[in-house]
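Student: Could you pick one small part of this model and look at it really closely with me? After that, I'd like to see how the surroundings fit together.

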Amino acid sequence: KKKKDPEPAKQRRTYTTPTSRRPLVLCSISWPPLGFDKEIMGNAPATLFVSIDTPYVFAGQEARGTVALMVTKATVAANLSVRISGDEHTTVKYESGSGDKKQTHYAHGRSNLFCIEVPVATFPEGKVGVGRYEFPFKATLPPGLPSSMSISSGGSNCKVQYSVGARLVRPGFFKSDATAQNVFAVQSAAL
């Protein structure tokens with residue numbers, strides 16, 4: 001006989017979050033969240049999804065979001081954190097020489113605009129049980145950030161991109177951390 005998955009309502013576990021100091025309990029969320037395929041790939045004991053609550057965030061304003069965690073097999077876990085960052089990427093295409101000696105070159109540049117680490121949850125017992133969990137987070141973006149953008153012309157391109165990533169730290173030899181990443185848009189403040 002195939003073993004039945006336990007019902008989430010019967011598996012109440014609480015974990016405290018640094019931002020709220022109130023216990024979080026097992027939540028009934030729509031699973032899988034948007035962006036996940038219907039089937040979770042592989043045999044990882046924990047799968048993460050992270051998102052920002054609004055389609056865009058203004059520079060200098062608070063970004064709020066949620067980390068969804070699905071644990072299919074009880075696993076060791078130390079903590080869960082979120083990293084919000086912004087990067088500028090540039091590629092410039094240029095040519096040198098002439099005639100038969102003409103060569104095409106590409107210059108690449110990357111600049112980190114900011115990076116914020118947000119602790120979301122700790123697991124004092126060193127493990128997290130089977131279930132589906134939601135952890136809210138929030139962080140204030142720095143003022144003066146440029147808007148999200150992307151432009152390309154003649155082989156050259158430039159983009160400003162913002163992302164949010166989540167990491168479930170799983171200490172121990174041969175244990176890899178569970179991670180997830182998503183992009184979101186930032187709108188610069190009006191002048």
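**The close look**

Tutor: Start with the backbone nitrogen of Ser188, which lies 2.8 Å from a polar atom of the side chain of Ser147. Before going on, keep in mind that this is a predicted model, where local features need pLDDT of at least 70, side-chain atom pairs count only at pLDDT 80 or more, and totals for chains, interfaces and linings use all residues. Residues are numbered from 1 along each chain as its sequence is written, and side-chain values use heavy atoms, with hydrogens and water left out.

Back to our serine. Ser147 sits in the loop between β10 and β11 (149-153). Strands here are DSSP runs of E with at least two residues, helices are runs of H or I with at least four, and both are numbered from the N terminus. The side chain of Ser147 also makes a polar contact of 3.4 Å with that of Gln187. A polar contact is a pair of N or O atoms within 3.5 Å; within protein, one must be able to donate a hydrogen and the other to accept it, and residues adjacent in sequence count only if both atoms are side-chain atoms. Who else does the serine meet? Once residues up to four places away in sequence are set aside, Ser147 touches Val160, Tyr162, Val186, Gln187 and Ser188. Touching, or contact, means heavy atoms within 4.5 Å.

Let's follow Val186 outwards. This residue belongs to β13 and stands opposite Val57. That fits a wider pairing: strand β4 (residues 56-58) and strand β13 (residues 178-187) run parallel to each other and share 3 bridges. Two strands pair if DSSP finds at least two bridges between them. β13 also pairs with strand β12 (residues 156-169), this time in the antiparallel sense and over 7 bridges. One place to find this pairing on screen is Ser163, whose bridge partner in β13 is Val183.

Now turn to the loop between β12 and β13, where you'll find Asp177. Its side chain reaches the backbone nitrogen of Arg170 at 3.0 Å, and a polar contact of 3.4 Å joins it to the side chain of Arg167. Beyond residues up to four places away in sequence, Asp177 touches Arg167, Leu168, Val169 and Arg170. With a relative accessible area of 28%, Asp177 counts as partly exposed. On this scale, buried means under 20% relative accessible area, exposed means over 50%, and partly exposed is in between (1.4 Å probe, protein chains only).

Another way into the serine's surroundings is Leu113, found in strand β8 (residues 103-122). Leaving aside neighbours within four places in sequence, Leu113 is in contact with Gly86, Asp87, Glu88, Leu145, Pro146, Val160 and Tyr162. You met Val160 and Tyr162 among the residues that Ser147 touches. The C-alpha atoms of Leu113 and Gly86 are 5.1 Å apart, although 27 residues separate the two along the chain. Leu113 is partly exposed, at 33% relative accessible area.

Next, look at β10, at one end of the serine's loop. It belongs to an open, antiparallel sheet of 3 strands in the order β3-β5-β10. β3 (46-52) and β10 (131-140) are at the edges with a single partner strand each, so one side of each has no neighbour in the sheet. In the middle, strand β5 (residues 62-71) is joined to β10 by 10 bridges and to β3 by 7. Val71 in β5 shows both links: Ala46 stands opposite it, and its bridge partner in β10 is Gly131. Met70, in turn, stands opposite Arg132 in β10. β5 is mostly covered, with 7 of its 10 residues buried.

Finally, zoom out. The protein chain has 0 helices and 13 strands, and 33% of its 191 residues count as buried. Among contacts between residues at least 6 apart in sequence, 67% join residues at least 24 apart. As for confidence, the mean pLDDT is 80, and 76% of the residues reach 70 or more. Residues 1-41 have a pLDDT below 50, and beyond near neighbours in sequence this stretch has 68 contacts in the model. pLDDT is the predictor's confidence in each residue, from 0 to 100.
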